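Subject: The structure we talked about

Hi there,

Here is the structure I promised to pass on. Have a look at it first, and then read on for what turned up in it.

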Amino acid sequence: MIAGMTETADHDGTGPTTEEAAAPSPRERRIAAWRNAPRVLARLGFLAPLKERLRLLESAGDVHDLDETSDIYGNGVVEALERRVAELLGTEAAAFFPTGTMAQQVALRCWAGRTGDPAVALHPMSHPEVYERNAFSQVSGLRPVHFANEPRLPTAEEVRDFAEPFGALMLELPLRDAGFVLPTWDELTEVVEAARERDAVVHFDGARLWECTEHFGKSLEEIAGLADSVYVSFYKSLDAFGGAALAGPASLIEEARTWRHRYGGAVFQQFPTALSALVGLDRELPRLPEYVRHARVVAAALREGLEAGGLPWFRVHPEVPHTHDFQVWLPYGTEVVAETAIRAGEETGTMLFANHWDPKGPGLTATEVYVRAAALEWTAGDVREAATDFARRLTGARPSPRRPD
């Protein structure tokens, strides 16, 4: 029972009391603990109160002329954002989209028309296959075909030896559900070459492409230059209000604008989102490599602290993060771990694990750890101390389970 709830029945003896009905959910408690904690690893804008989100636009005058007439159906500030993205990625053109789901369907639909093949080869853990309700097949007439289910990007050999034709190869960089993992630069170039050998186009699902430069040791232009088209998000790393962009050859982007209209993406005015994206490109993009480097410090200190706290088994994945996000796996039930993380935040003011936990099997759960500007205030010692405290709380919550085989 959650602390503060009563055990008395209501007036007819069958339902919860008013106090029980008003008790916050675990999610509400987690967000409240995160908001109130003086120390967190990331201050995620989308979880902040509206008044705080609106403050993001206070600096909009630094990135765009606010005396300019507001946008109408994609001109003005939206066009300025599109030009900025194309410049950063080194492509001929870019088009703004309200969502990445729409942007990628449009891109791959356009490519299918050019190649004559609606088959899209992608990893089964890719975002469209996990989170988009089969949109490729149900909405756009595309046919997803899957590589092996290992939690990594496909290899060049797997692409060359794939058993059926495909018109487009889609690579999610990084592959979020596998642990925000990336291939090496050589592996990525070999995979792209293998797709070209099969006369397939290559599309990058680059929702988080912005933070890949540190891992690859390459510029955004060099990374995007490997693909025929690239999608990027404005809110996942740049903390904008939303929105996405599709970048590639001018002829593809021109056709994509037509399909954007047909899909309902020609929104009357989008200046708040466009301005927030420009602010993100100005404020957050230059800092992403620093976040990635500090994520490696955080991950190493987490391992040391969890071990010092007596956990019988755990996994920080990848051991050396490829981006500024990574996973932590623990051999406990999801509810136990989530409650421990919330209570630690409520009682200490330090919120080490602020994200939700997902069950991964019997007695196994995982969460994502995000490292942003707030984490730069943490030393390795701070992380170790918080991780040790969390581990001790967790091992005291119930008998320690056996280590998985």
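Let's begin with Q104, which counts as buried because its relative accessibility is 1%, and buried means under 20%. Please keep in mind that this is a predicted model. Q104 belongs to helix α5, which covers residues 100-115. Which side chain does the side chain of Q104 join through a polar contact? The partner is D205, and the contact is 3.2 Å. If you leave out residues up to four places away in sequence, Q104 touches P128, M170, H203, F204, D205 and Y231.

Another residue to click on is W210, in the loop between β6 (201-206) and α10 (213-216). W210 also counts as buried, with a relative accessibility of 1%. A polar atom of the W210 side chain lies 2.7 Å from the backbone oxygen of S233. W210 and S237 are 27 residues apart along the chain, and their C-alpha atoms are separated by 7.3 Å. Not counting residues up to four places away in sequence, W210 touches a list of residues that includes L88, L89, V232, F234, L281 and L288.

That brings us to the nonpolar cores. The largest one has 60 residues. The residues with the most contacts inside this core are L81, L89, F166, L169, F204, W210 and F234. Which helix gives the largest share of this core? That is α4, with seven residues. If you pick out L89 and set aside its neighbours within four places in sequence, you will find it in contact with L209, W210, L220, E221, A224, V230, V232 and A247. There is also a second, separate core of 29 residues, and L41, F314, F390 and L394 are among its members.

Now for the aromatic rings. How many aromatic pairs does a search of the whole structure find? The search finds eleven. In one of them, the ring centres of Y73 and F268 are 5.3 Å apart and the planes stand at 70°, so this pair is edge-to-face; the cut-off for that label is an angle over 60 degrees. Y73 sits in the loop between α3 (50-54) and α4 (77-89), while F268 sits in the loop between α12 (250-262) and α13 (271-283), so the pair ties together parts that are 195 residues apart in sequence. Are these two rings' residues buried or exposed? Y73 is exposed, with a relative accessible area of 53%, and F268 is partly exposed, at 45%.

F353 and W357 form an edge-to-face pair too, with 5.3 Å from centre to centre and 70° between the planes. Both F353 and W357 are buried. In addition, F147, F162 and F166 form one aromatic cluster, and F166 is one of the residues with the most contacts inside the largest core.

Two rings have a charge sitting over them. The charged end of R114 sits over the ring of W111, 5.8 Å from the ring centre. The charged end of R260 sits over the ring of F97, also 5.8 Å from the centre of that ring.

Next, try R143, in strand β4 (residues 143-146). R143 counts as partly exposed, at 40% relative accessibility. Leaving out residues up to four places away in sequence, R143 touches P118, A119, V120 and E164. The C-alpha atoms of R143 and E68 are separated by 44 Å, and these residues are 75 apart along the chain.

Finally, zoom out to see the whole protein. The protein has 16 helices and 13 strands. Its radius of gyration is 23 Å, close to the 22 Å that the globule rule gives for 405 residues, so the protein is as compact as a globular protein of that length. Along the principal axes, the C-alpha atoms fill a box of roughly 65 × 55 × 50 Å. Of the 405 residues, 52% are buried. Among contacts between residues at least 6 apart in sequence, 73% join residues at least 24 apart.

Happy exploring, and write back whenever you like!

Best wishes

Terms used
Residues are numbered from 1 along each chain as its sequence is written. This is a predicted model: local features need pLDDT of at least 70, side-chain atom pairs count only at pLDDT 80 or more; totals for chains, interfaces and linings use all residues. Side-chain values use heavy atoms; hydrogens and water are left out. Rings of Phe, Tyr and Trp (its six-membered ring) pair if their centres lie within 6.5 Å; planes under 30 degrees apart count as stacked, over 60 as edge-to-face and the rest as tilted. Helices (H or I, at least four residues) and strands (E, at least two) are DSSP runs, numbered from the N terminus. Buried means under 20% relative accessible area, exposed over 50%, partly exposed in between (1.4 Å probe, protein chains only). A charge sits over a ring if NZ of Lys or CZ of Arg is within 6 Å of the ring centre and within 35 degrees of the ring normal. A nonpolar core is a set of buried Ala, Val, Leu, Ile, Met, Phe, Trp, Tyr and Cys residues joined through side-chain atoms within 4.5 Å. Contact means heavy atoms within 4.5 Å. A polar contact is a pair of N or O atoms within 3.5 Å; within protein, one must be able to donate a hydrogen and the other to accept it, and residues adjacent in sequence count only if both atoms are side-chain atoms. The radius of gyration is taken over C-alpha atoms; the globule rule is 2.2 Å times the number of residues to the power 0.38.
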